[in-house]
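The exercises below are meant to be worked through with the sequence and the 3D view side by side. Try each task before reading its solution.

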Amino acid sequence: MDENYYRYIRGFFGKWASVYNFIALPLTGIWNKVADMIDSKAKIKILDVCSGTGTQAFAFAKRGYEVVGLDLSREMLRIAEKKNKYENVRFVVADATKMPFENDYFDYACISFALRDMPYEVRHRVLDEMRRVSRKIIVVDYHIPKTKLHRRLHVSFTSLYESKYYRDFAKRNLEDLLQEHCFRILKETYGLVDFVKILLCERKSFEGKQENTNC
Ligand SMILES: C[S@@+](CC[C@H](N)C(=O)[O-])C[C@H]1O[C@@H](n2cnc3c(N)ncnc32)[C@H](O)[C@@H]1O
């Protein structure tokens, strides 16, 4: 399965890379809203997981943070590097299930519009890695409607252009997934009316009172 997934994702984003920025134009306001979730005067370190063409990484860099953007797709990162005008951001080609960083290296790890581009098991491995390298994380993705009819309409529309893993992602609850990985949601906000959900989370401690069986 893994090999198929990597081949599929590299092929999928290799094809979309040249037009991705244009397609993602409606999301322009989201990148700033996400960056505004972090309110720090310090030169903190932020990892942008599955950075794609780097727009979210640039929104962090503009605020003076030290940013690393990581992605599997060389084609997506090539566009990011071409657009980059900041000295405080760099990009690495790497797999988010095996991040080349030490434990707790970052202050924040952010993943936007990417957990949905992974099979269920890979999604888990990526969250494990985010938890390992950073105490706080930000997760950004579509806000999937709760009612059956709305959800069906939403999924039928988004599946026209999303990866083949999207249907599985949309069936599941993002908050439950974060809870399973022992993250506590600190802040929740919405963008593009309520089409996009932004969650700022903190890693629960293994010490002290356990809040669920895994944490
Ligand atoms: C829809 S794009 C999102 C890009 C960017 N975060 C944004 O918000 O525009 C999803 C990205 O996830 C990347 N990706 C998927 N699986 C990955 C993995 N295991 N490791 C690193 N990147 C991955 C893809 O290559 C693609 O660039």
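**Exercise 1: Two helices that meet**

In this predicted model, helix α2 (residues 28-36) packs against helix α3 (residues 55-62) at an angle of about 50°, and their axes are 9 Å apart. Decide whether α2 and α3 are oblique or roughly parallel to each other, and find which residues meet.

*Solution.* Begin with the general idea that a pair of packed helices is described by the angle between their axes together with the distance between those axes. An angle under 35 degrees would count as roughly parallel, and 65 to 115 as roughly perpendicular; the angle here is about 50°, and therefore α2 and α3 are oblique to each other. The next step is the handedness, and here α2 passes α3 in a right-handed crossing. Finally, look at the side chains: Trp31, Asn32, Val34 and Ala35 of α2 meet Thr55, Gln56, Ala59 and Phe60 of α3. Sorted by class, the residues of this contact are 5 nonpolar and 3 polar, with no charged residues.

**Exercise 2: A second pair**

Helix α1 (residues 2-23) and helix α4 (residues 74-83) have axes 7 Å apart, at an angle of about 25°. Describe how α1 and α4 are arranged relative to each other.

*Solution.* Since angles under 35 degrees count as roughly parallel, and the angle is about 25°, α1 and α4 are therefore roughly parallel to each other. The crossing of α1 past α4 is right-handed. On the α1 side the meeting residues are Phe13, Gly14, Ala17, Tyr20 and Asn21, while α4 contributes Glu75, Met76 and Ile79. By class, this contact divides into 5 nonpolar, 2 polar and 1 charged.

**Exercise 3: The surroundings of α3**

How many residues of α3 are buried, and what covers them?

*Solution.* First count: 7 of the 8 residues of α3 are buried, so this helix is largely enclosed by the rest of the structure. The buried residues are Thr55, Gln56, Ala57, Phe58, Ala59, Phe60 and Ala61. Next, look outward from them, where the cover includes α2 and the strands β1 (45-49), β2 (66-71), β3 (89-93) and β4 (106-112). After α3 comes Gly64, with a positive phi near 90°.

**Exercise 4: The nonpolar cores**

Which residues have the most contacts inside the largest nonpolar core?

*Solution.* The largest nonpolar core has 47 residues, and those with the most contacts inside it are Val34, Val49, Ala109, Cys110, Ile137 and Ile138. A separate second core, of 7 residues, includes Ile9, Phe13, Met76 and Leu77.

Key. Residues are numbered from 1 along each chain as its sequence is written. This is a predicted model: local features need pLDDT of at least 70, side-chain atom pairs count only at pLDDT 80 or more; totals for chains, interfaces and linings use all residues. A nonpolar core is a set of buried Ala, Val, Leu, Ile, Met, Phe, Trp, Tyr and Cys residues joined through C-beta atoms within 7 Å. A residue is buried if 20 or more other C-beta atoms lie within 10 Å of its own, exposed if 12 or fewer, and partly exposed in between; C-beta atoms are placed from the backbone. Axes are lines fitted to C-alpha atoms, for helices over the stretch in contact, and angles run from 0 to 180 degrees between N-to-C directions. Helices (H or I, at least four residues) and strands (E, at least two) are DSSP runs, numbered from the N terminus. Angles under 35 degrees count as roughly parallel, over 145 as roughly antiparallel, 65 to 115 as roughly perpendicular and the rest as oblique. A crossing is left-handed if the near helix is turned anticlockwise from the far one by less than a right angle, and right-handed if clockwise. Two residues are in contact if their C-beta atoms, placed from the backbone, lie within 7 Å. Ala, Val, Leu, Ile, Met, Phe, Trp, Tyr, Cys and Pro count as nonpolar, Asp, Glu, Lys and Arg as charged, and the others, Gly among them, as polar.
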